[in-house]
Amino acid sequence: MTVWAPAVAAVGVGAALVTGTWAVATLDTAVAGVVAGRGLHLRRAALAPLRRAALLAGRHPVTTERPDAPAWVVAGPLLLALAGAALSALPLAEGLAVADVPDGLVLYGAAMALVMVAVFLHGWAPNSVFPLIGAYRFVAQALSYQIALFLVLLGAALPAGSLGLGAIVEAQSELWNVIRQPLGLPLFLVAGTALSFWGPLALPDGEDLAGGTAAESSGRELLVWRTARAAVLVATAAVAAACFLGGWLGPVLPGPVWMVAKTLALLVILVVPAHVVPRVRIERFVSFGWTILLPLSLVDVFAAGVVALRTST
Amino acid sequence: MITDVLSWGLAALSLWSAWRVFRTDSMMRAAYLLLASFAAVGALLVLLSAEFLGLVLVLMMAGEMTIMVVFMVMFMMNPAGLNPMTMVHQHRAAVAAGIVSFAGLALVGVAGDFPDRPAADEVTTTSALGFELLGDSMLIFQSAGVTLLATMIGAVALTSRGGRFGDAHAGSDAPALAPEATASPAPATDAVEEGAHAAHEHDRHGAEGEAG
Amino acid sequence: MGLNSLRIRLAGAAPAPVFVVCGLGGRERVVDLYAEPGLQVYSTPRHAGVLLVVGRLTRGLVAPALQAHDQMASPRLVVRWTAADGDDPGDHGDVFPNAVVAHGSAAEVAAAVAAAHRELLAGDRPPSAALLADIEPAPWQGVGPYGTGGTGMTGGVPFGRPMAARAADRDDLELDQLKLRLGPLLPSLPSGLVLDVALQGDVVQSAAVGDNPYRLYAGDPVPAAPAPGLFERACHQPVRIAELERARARHHLRWAAGLARLVGLEALGVRLTTLSARLAASEESAQAERLLTRIGRSRWVAGTFAGGDLDDAGLAGLGPVARAAGSEEDARTHDPAYRALGFEPVLGEGGDTPGRVRQRLAEAVQALRLATAAGDATTTVSGVVEGPRGRLGRGAPPPSAALVDLVAGVVEGLEWGDAVAAIASLDLDVEEAARHPQMAMP
Amino acid sequence: MAPFGAAATVVVAMLVGAVCVRGLGGLGREGSTAGGRVPFLGGWPPEAHAWSRYHARYYPMALLFLAFDMEMVFMYPWAVVFVEEGLVALVEMLMFIVILLLGVLYAWREGAFRWA
């Protein structure tokens, strides 16, 4: 391994992040157009993210009176980097990963736990009421989904006997986890939507808070923040594809194509509710997270455990 | 070579951010600088082939430090450090405690029995830990569960206001001294004053406790 | 150079990012703006580059509009949407001297905004400079060891503002209370509503409605009275029931569009607004009916809204709000023409926010069905008409005046998101409240 | 060497993001005026700083989280050795989790997840 390998890896993950966020924004625009009754215009939807990005890139960011400037500068890039860290643990095909470490799930967990820090910093930094409320709301939200998110992934790791994402994919060569653990994928998608604070669970950046943690963001800063949010969604979909849909496994087509196709399919499932399901109340989500999501994910883990034991003996 | 440079850099980052914890005015910055310090230590552990421990340190500390920010902001006056203040109190005791703990840790570092070869790649700390937890340390593991349950119940009982039987204050009248005497309603105002007083005390003396 | 011009070309093709100031007589026009594909209306000026002033600015709106203008990131632009015949002169038009003036339909204005925005990006139009004086709020550095103007940890005015004061709260704790004046340009509140709230955490501890920005003061130019709407006309002359009920359904649909935006369903809001303009067509009417029924029945209403209880008392004449709480009052029950159609008021969906939401959705569906069934029947004139917000006519104050008084009580103790939804469920028109005889011309 | 790739990714993403936010002359005070720096509340300036002793009413739930965060640390190693250890592992973890779930049940009955 040469010294340049990490640099190449970083560029690769960066390219994946950029195309992924572009795909998310395109899907989002297309679905919004259909729901609004304007019909499906794929070409326009594909151009829309580039246009909006160009618009934001040319605008000078404004600060508030007495912001926590370092926190503001760190928040968006940190969120982007966390999505990048999660993606770097993901294998695109057998042996084709930046860092398919034996503790891949823990790496993913550490990155996703830090999402809470990035969002809190982003809401805290402007010293303004609505972002601040958004930040505290996200803490409540994160405390409610996080355990369930990690547990469900742990269930996927049980048959593999390893926390490495490559090993988890390989263990699905006979049967995908989505069938072996029917609860796993739906629970993960709910927790993942909460993690990416997207759609009905975009509570920290909600409309009632005039944009929440992003209420004081403008120009390039806003562009980085929106990109980072979409990148987290991409990472969520990609991890779900690897852990539940068998990642690169599939007939005829080469592995990376399967991985990308599965990720895109999951992205559609994640993006559509944003235009169909209304914002959930934070309290309702918190009690849902603790009294339904968490117990169900424990049930999922133990059911997965029983199944894994029966197949191994 | 790269590993050496990285480990020295991470050690320096860890020390620097730990030092900044006590030099900043903002509770939020103090907590997250501490998190940065922990993250650097976690990265050091990864370099020492203790991948699981390093990553899990970051995973836990991210949540823990955020909760610490939430609580510190609730408890402290001037939580953002808008007015300058000092995070260091009781200098002598603090210096003494610092020296003692440093000496203790240094003793472990110097006198401890460390392997002098890097661990083989196929040895993973994670599975070793797993066998330990399910084997010899099973009792410790299970009693941790009971301890955590006690912690949860204690925390909820102490903090939850609107319980399942209504407001926590209702029915919390002090028992009357004489059996016939009608109990006077619990003086809620006392509770307020006590709480406020305690919070005030905390603000004055609690900085180092919170930051540590 | 090539890259930059490409960026400008791309940016020019994006929907123009707009922040809306709703002036006098602008309310209905603002609703149409959200459905324009060439515009993207944002809920904070920080995301916007165009300040779009709809209708006439009043004295109470000048300072907030200037503030919002300066809060926009540069390069920025002001567009004023005046009525087709031009708004009266002397209506604070000089506040934005370099504003682009547009009039006509929402589509025409959207096109004008997009064109002006493209010129701005291409550098053919000078960006709007800051309008407020560039003075730090409190540069004074006096008393106190650190020159922040006070002593102790929380004293003084560090960086120009004091720190929040402590206050007791419901949980017997003493924590800081944020006293805020929210609105009149906060899009999550009805346009023009100024709310003085005390927040502890994200919970509204107390609230009071502030000065109505649409109120006119002595010496202000008096705008021409708006043309009476269908419901006002129905007080004095018979109108076709089909037309009246379609207008009611249209009103509720546009209210639902606003609510959809508030809960993050912007695209659904566009759909509802578009449908509201085409209710005369039977196909669109049936489509709207299906959509409203589906939303009202879905479990999401219960998941998205909660709290905001109002009891039956003191809601006389408040239409859907009163009926949701269990009142049976509906002026239409006294109209023989309605009775002939078998009209029965929709009753008692619940006196809280989800109840009011369901009530209004159900009433919109009922109105669409009545409109279909009514044929050529006309109303019987009795001087009183059941408007979409409540009873109109006989010199009664407009329902919004009473609805505004309900706001403070309904939001107390609610989490902010619930509070905003509770206010939206009241469907108040702040401008209509300002037309109350007691409010006008103090 | 794999972790270096992940680390490089994080560093590069941070740098690129930070350059976008800050490096190109952004997020400075230049170009903005005092009026524009006022936090957005809908038109009027705030009376006081927003940073304050914020009452996060969900604090009982935050304490509950700490216990479960601990539990995750035990569960990762457990998952790795699960298949090898077999039934013993399943039963032991089940015991541990049921004990913790009692805490959640109690908290839910006490209304720790409601705050408004």
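**Entry 1: helices H6 and H7 of chain C**

I began with the residues that join two helices of chain C. On the H6(C) side I listed C:Arg250, C:Leu253, C:Arg254, C:Ala256, C:Ala257, C:Gly258, C:Ala260 and C:Arg261. These meet C:Glu266, C:Leu268, C:Gly269, C:Leu272, C:Thr273, C:Leu275 and C:Ser276 in H7(C). Sorted by class, the contact of H6(C) with H7(C) has 7 nonpolar, 4 polar and 4 charged residues. I note that the model is predicted.

I then looked up the geometry of this pair. H6 of chain C covers residues 241-262, and H7 of chain C covers residues 266-276. Their axes come within 7 Å and cross at roughly 170 degrees. Angles over 145 degrees count as roughly antiparallel. H6(C) is therefore roughly antiparallel to H7(C).

**Entry 2: helices H6 and H12 of chain C**

How do H6(C) and H12(C) pack, and at what angle? I found an angle of about 150 degrees, with the axes 8 Å apart; H12 of chain C spans residues 353-374. That angle makes H6(C) roughly antiparallel to H12(C). The crossing in which H6(C) passes H12(C) is left-handed.

I recorded the residues that make the contact. H6(C) gives C:Ile241, C:Ala242, C:Glu245, C:Arg246, C:Arg248, C:Ala249, C:His252, C:Leu253, C:Trp255, C:Ala256 and C:Leu259. H12(C) gives C:Val357, C:Arg360, C:Leu361, C:Glu363, C:Ala364, C:Ala367, C:Leu368, C:Leu370, C:Ala371 and C:Ala374. By class, I entered 15 nonpolar, 1 polar and 5 charged residues for the contact of H6(C) with H12(C). I also noted that C:Leu253 and C:Ala256 appear in the contact with H7(C) and in the contact with H12(C).

**Entry 3: chain B against chain D**

I turned next to contacts between chains. Here 38 residues of chain B are in contact with 41 residues of chain D. On the side of chain B that touches chain D, at least two residues each come from helix H3 (51-75), helix H5 (125-134), helix H6 (138-159) and strand E1 (162-163) of chain B. H6(B) supplies the largest share of that side, 13 residues. I recorded its classes as 25 nonpolar, 11 polar and 2 charged.

**Entry 4: chain D against chain A**

Which elements of chain D give two or more residues to the side that touches chain A? I found helix H1 (2-23), helix H2 (34-37), helix H3 (59-85) and helix H4 (87-109) of chain D. In this pairing, 60 residues of chain D are in contact with 69 residues of chain A. The largest share of the side of chain D that touches chain A, 16 residues, comes from H1(D). By class, I entered 46 nonpolar, 9 polar and 5 charged residues for that side.

Technical notes. Residues are numbered from 1 along each chain as its sequence is written. Chains are lettered from A and ligands numbered from 1 in the order in which they are written. This is a predicted model: local features need pLDDT of at least 70, side-chain atom pairs count only at pLDDT 80 or more; totals for chains, interfaces and linings use all residues. Axes are lines fitted to C-alpha atoms, for helices over the stretch in contact, and angles run from 0 to 180 degrees between N-to-C directions. Helices (H or I, at least four residues) and strands (E, at least two) are DSSP runs, numbered from the N terminus. Angles under 35 degrees count as roughly parallel, over 145 as roughly antiparallel, 65 to 115 as roughly perpendicular and the rest as oblique. Two residues are in contact if their C-beta atoms, placed from the backbone, lie within 7 Å. Ala, Val, Leu, Ile, Met, Phe, Trp, Tyr, Cys and Pro count as nonpolar, Asp, Glu, Lys and Arg as charged, and the others, Gly among them, as polar. A crossing is left-handed if the near helix is turned anticlockwise from the far one by less than a right angle, and right-handed if clockwise.
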